[in-house]
Amino acid sequence: MLIKIGQMLINKNLITSEQLEAALHEQGKTGELLGVVLIKKGFISEDNFLKVLSEQFNVPFIKLKETAIDPLAIKKVPAKFAWYYKVMPVKFADNKLIIASSDPLRSLDDLRIFLGYDLRPALASEAEIMEMIKEHYGVGAETVEGIIAKAPKELDAPKETGKIEDIEKLAEDASVVKLVNQIILEAYQKRATDIHIEPFRGKMNIRYRIDGVLYNANVPADIERFFLAIISRIKIMSRLNIVERRLPQDGRSVIKIGQEEMDLRISIIPTRYGEGMVIRILPMSMLFSLERLGLAPEDLEILAKLIKKPHGIILVTGPTGSGKSTTLYGCLNDIKSSKNKIITIEDPIEYELEGIIQIQVLPEIGFSFAQGLRSMLRHDPDIMMVGEIRDFETAELAIRSALTGHLVFSTLHTNDAAGAVARLLNIGIEPYLVASSVEAFIAQRLVRLICPECKKLDTAVPDSIKLIINQDMAKSNVALKHSKVEEINFYKGQGCKDCNFTGYKGRTAIHEILVVDKGIRELMLKKASTDELRDKAVSQGMKTLRLCGWKKVIDGLTTPEEILRVTQAEE
């Protein structure tokens, strides 16, 4: 039988006789199926191998991603059977169930006995089968079914009266541990940065934040019965108090996925229907560099010069989640060396940077940014990073540090670069101190990139959007690639499985760099308005956030709608 399938593959010019001989030799050592060896060695694709198997065994080959799955067929096969036998129900009619498998020799007799239907096999790739099981049954569906079958009474106990010791015991159960692991793994595989677990009346939501936008996780409906067990399990992982449900709690846990270590930051708040939880997923190590920040070549040149200054403050501004910390880490990583000492004070420390001393703020014991800054100065640093300027004391200390010969990096929560000046003045800093210490303000936003797998020309961009682009380009002194909006080729993503049908995959940053020169300093000393500062900077060649965004659109990286979503209207 094995020689026969091998000969068929050779006759169809899908493999060579040398490849077959090598595969048979490997099979003799490992005992694996011939097809598995051929595919593993890269001699043939799984689809091509299955097509030949289909011909040999007279079993139809189907592409599950291109096949409409019958919801009735899903209901006929419990999740635990689908996962255990690695089969996918496709269609049910007239007591006949079409079921996809990757192995035509796999016996379906057990399933026939369990299900009581006439099973008709079809061939499909194992990867597609497992993906479709997850999509149609939900993450951890077989685990949920197994726990319900094992301990239905405990799970049906009312949440308010459930005993703590019972919940703790259930949270340590191997099945609940597996369920939580599956939820976290699914989030990681979908590139999620956060997992939101939210309780409501009679149900719970699990959502993933992917590329800055929240999406509902595909989980089975019965998962609501495990809400307390899931929360307790994650509390145990992060060494939090599982008995305390009335107060907010914060914790962390380190897990390993494949060869990569991930840092989980857990935050819990009490809500009306139970505890709400958010899990932030951070890689333990990341490659930080200025080139990866998404800066235009001319902006990269400006920033490279700024971070090599001997003293002064560089402030990165933007809302939460706009990538400010990543930009600061990229700057520090680029300038660190054995000749300088870099100290950071952060809340929290998001990533570990080798060769840099990082300090964690601890407000609960009175260790604030301001107190940390004072201590840092006694450690003879050359470069300092303050996670965020929140108050007058921190701002004043940062400015004094810059004036005494240190290069200081920090962040502010403002809408644009020019608005950061007004923010510092409102905190209580004197204009002359701001003018003499700050070297640049960098505003930043993150925009989603068009999915490369389903990218296509967009010929239906509304005239209203084209008008906005024309107006923004007309107001700018910066020459872009196109002078007229009619010359721009717009693109969009159609939506595919690779991007979760959003049309977007991955993110990049758009920037606005306001360099403090003589003209800007004079306006600062006069307490000029934000609009005056912005107009002056634009007249000297500064690209606004919106204009930087339009450049990304012109380059075919993102869509006009995405730029309008993340930038405010510029009057």
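Colleague: How many aromatic pairs does a search of the whole structure find?

Modeller: The search finds 3 aromatic pairs. Please bear in mind that this is a predicted model.

Colleague: What makes the pair of Phe-92 and Tyr-117 edge-to-face?

Modeller: A pair of aromatic rings is described by the distance of the centres and the angle of the planes. For Phe-92 and Tyr-117, the centres are 5.0 Å apart, and the limit for a pair is 6.5 Å. The planes stand at 70°, and an angle over 60 degrees counts as edge-to-face. The pair is therefore edge-to-face.

Colleague: Why is this pair said to tie together parts of the chain?

Modeller: Phe-92 belongs to strand S1, whereas Tyr-117 sits in the loop between helix H7 (109-115) and strand S3 (118-123). The pair therefore links parts that are 25 residues apart in sequence.

Colleague: How do you know whether Phe-92 and Tyr-117 are buried or exposed?

Modeller: Buried means under 20% relative accessible area. Phe-92 has 13% relative accessibility and counts as buried. Tyr-117 has 19% and also counts as buried.

Colleague: Strand S1 is followed by a loop that holds Asn-95. What is notable about the phi of Asn-95?

Modeller: Phi of Asn-95 is near 60°, a positive value in a residue other than glycine. Asn-95 lies in the loop between S1 and strand S2 (96-101). Its relative accessibility of 43% makes Asn-95 partly exposed. Asn-500 likewise has a positive phi, of about 60°, although it is not a glycine. Asn-500 is placed in the loop between strand S17 (491-493) and strand S18 (504-515), and at 28% relative accessibility it counts as partly exposed.

Colleague: What makes the contact of Glu-126 with Lys-86 a salt bridge?

Modeller: The closest N and O atoms of Glu-126 and Lys-86 are 3.4 Å apart. The cut-off is 4 Å between a side-chain nitrogen of Lys or Arg and a carboxyl oxygen of Asp or Glu. The pair therefore qualifies as a salt bridge.

Colleague: Which parts of the chain does this salt bridge tie together?

Modeller: Glu-126 lies in helix H8 (residues 126-137), and Lys-86 in the loop between helix H6 (79-85) and strand S1 (88-93). The pair therefore ties together parts that are 40 residues apart in sequence. Glu-126 is partly exposed at a relative accessible area of 31%, and Lys-86 is partly exposed at 32%.

Colleague: How do you know that Arg-246 is exposed and Glu-244 buried?

Modeller: Exposed means over 50% relative accessible area, and buried means under 20%. Arg-246 has 67% and counts as exposed. Glu-244 has 14% and counts as buried. Their side chains meet in a salt bridge of 3.3 Å, N to O.

Colleague: Where do Glu-301 and Lys-305 lie?

Modeller: Both residues lie in helix H14 (residues 297-306), 4 residues apart, about one turn of the helix. They form a salt bridge, with the closest N and O atoms 3.8 Å apart. Glu-301 is partly exposed, with a relative accessible area of 49%, whereas Lys-305 counts as exposed at 58%.

Colleague: Which residues do salt bridges that share partners join into one network?

Modeller: Asp-47, Lys-63 and Glu-128 are joined into one network. The count for the structure comes to 30 salt bridges.

Colleague: How many positive and negative side chains does the chain have?

Modeller: There are 77 positive and 78 negative side chains, and the centres of the two sets lie 1 Å apart.

Colleague: What is the omega of the peptide bond from Asp-347 to Pro-348?

Modeller: Omega is near -5°, and the bond is cis. Pro-348 is located in the loop between strand S11 (342-346) and strand S12 (357-360).

Colleague: Why is Gly-31 called exposed?

Modeller: Gly-31 has a relative accessible area of 63%, and exposed means over 50%. Gly-31 therefore counts as exposed. This residue lies in the loop between helix H2 (17-30) and helix H3 (34-40). The C-alpha atoms of Gly-31 and Val-485 are separated by 63 Å, the two residues being 454 residues apart along the chain.

Colleague: How many helices and strands does the chain have?

Modeller: The chain has 24 helices and 18 strands. Of its 571 residues, 49% count as buried.

Technical notes: Residues numbered from 1 in each chain as written. Predicted model: local features only at pLDDT ≥ 70, side-chain atom pairs only at ≥ 80, totals over all residues. Heavy atoms only, no water. Helix = DSSP H or I, 4+ residues; strand = E, 2+ residues; numbered from the N terminus. Buried < 20%, exposed > 50% of the residue type's maximum accessible area, 1.4 Å probe, protein only. Lys, Arg positive; Asp, Glu negative; His and termini not counted. Charge placed at Lys NZ, Arg CZ, Asp CG, Glu CD. Phe/Tyr/Trp six-rings, centres within 6.5 Å; stacked < 30°, edge-to-face > 60°.
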